[in-house]
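This report is meant for a reader who is meeting the structure for the first time. It begins with a single residue and its contacts, and then moves outward to the fold, the core, the pocket and the aromatic rings.

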Amino acid sequence: MVGDGACQAALIKALRLIALELPFKVLVWQDAGGTWLSYVDFRWLAKRYGAGPEEVRLITDMAVMIDGIARKAGSPP
């Protein structure tokens with residue numbers, strides 16, 4: 001449940017682990033091959049900062065959301 005206090009506490013702890021990476025950056029560029037997006041995968045950040053299992057689950061959910069947004073942004077209208 002998103003509004004659950006324990007879930008919110010875990011999310012805050014997870015984000016605190018990667019706070020040095022904030023704000024998240026996305027690089028967008030275009031060449032003859034198309035338009036490209038580059039960004040650091042949240043799952044990699046979780047591993048880099050030694051997130052625990054609960055934090056990894058939350059960060060993975062966020063990563064899936066960001067991946068979906070990037071795919072949508074990179075696809076033709």
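## A residue in helix H3 and its contacts

When neighbours within four places in sequence are left aside, Asp-67 is in contact with Tyr-39 and Arg-43. The model in which these contacts appear is a predicted one. Asp-67 belongs to helix H3, and the residue counts as buried because its relative accessibility is 13%, which lies under the 20% that sets the limit for a buried residue.

## The chain as a whole

How many helices and strands does the chain have? There are three helices and two strands, and, read from the N terminus on, the elements follow one another in the order α-β-β-α-α.

The chain has 77 residues, and buried residues account for 19% of them. If one takes the contacts between residues at least 6 apart in sequence, 47% of these contacts join residues that are at least 24 apart.

## The largest nonpolar core

Which residues make up the largest nonpolar core? The core consists of eight residues, namely Ile-18, Phe-42, Leu-45, Ala-46, Ala-51, Ile-59, Met-62 and Ala-63, and both H2 and H3 supply at least two residues to this core. As a general background, nonpolar side chains in soluble globular proteins tend to be buried together.

One member of this core, Ile-59, has its place in helix H3. Ile-59 counts as buried because its relative accessibility is 0%. The C-alpha atom of Ile-59 is separated by 8.3 Å from that of Leu-15, although the two residues are 44 residues apart along the chain.

## Another position in helix H3

Val-64 is also placed in helix H3. Is Val-64 buried or partly exposed? With a relative accessible area of 47%, Val-64 is partly exposed, because that class takes in the values between the 20% limit for buried and the 50% limit for exposed. Along the chain Val-64 and Asp-41 are 23 residues apart, and their C-alpha atoms are separated by 9.4 Å.

## The largest pocket

Empty space in a structure can be found by rolling a probe the size of a water molecule over the atoms. In this model, the largest pocket contains about 220 Å³ of space. Its lining is made of 14 residues, and those that lie nearest the centre of the pocket are Phe-24, Lys-25, Val-26, Tyr-39 and Val-40.

Three elements, strand E2 (34-39), helix H2 (42-48) and helix H3 (53-74), each supply at least two residues of this lining. The largest share comes from H3, which supplies four residues. Sorted by residue class, the lining of the largest pocket has twelve nonpolar residues and two charged ones, with no polar residues.

## The aromatic pair

A pair of aromatic rings is described by the distance of the centres and the angle of the planes. The structure holds one such aromatic pair. This pair is formed by Trp-29 and Trp-36, with 6.5 Å from centre to centre and 25° between the planes. Why does the pair count as stacked? The pair is stacked because the angle of 25° is under the 30 degrees that serve as the limit for stacked planes.

Both rings can also be placed by accessibility: Trp-29 counts as partly exposed, at 35% relative accessibility, and Trp-36 is partly exposed, with a relative accessible area of 41%.

Notes
Residues numbered from 1 in each chain as written. Predicted model: local features only at pLDDT ≥ 70, side-chain atom pairs only at ≥ 80, totals over all residues. Heavy atoms only, no water. 1 Å grid on protein atoms, 1.4 Å probe; cavity = no way out; pocket = protein on both sides within 12 Å on 5 of 7 lines; lining within 4 Å. Points joined across faces, edges and corners; volume = space filled by probe spheres on them. Nonpolar A, V, L, I, M, F, W, Y, C, P; charged D, E, K, R; others polar. Phe/Tyr/Trp six-rings, centres within 6.5 Å; stacked < 30°, edge-to-face > 60°. Buried < 20%, exposed > 50% of the residue type's maximum accessible area, 1.4 Å probe, protein only. Core = buried A, V, L, I, M, F, W, Y, C linked by side-chain atoms within 4.5 Å. Contact = heavy atoms within 4.5 Å.
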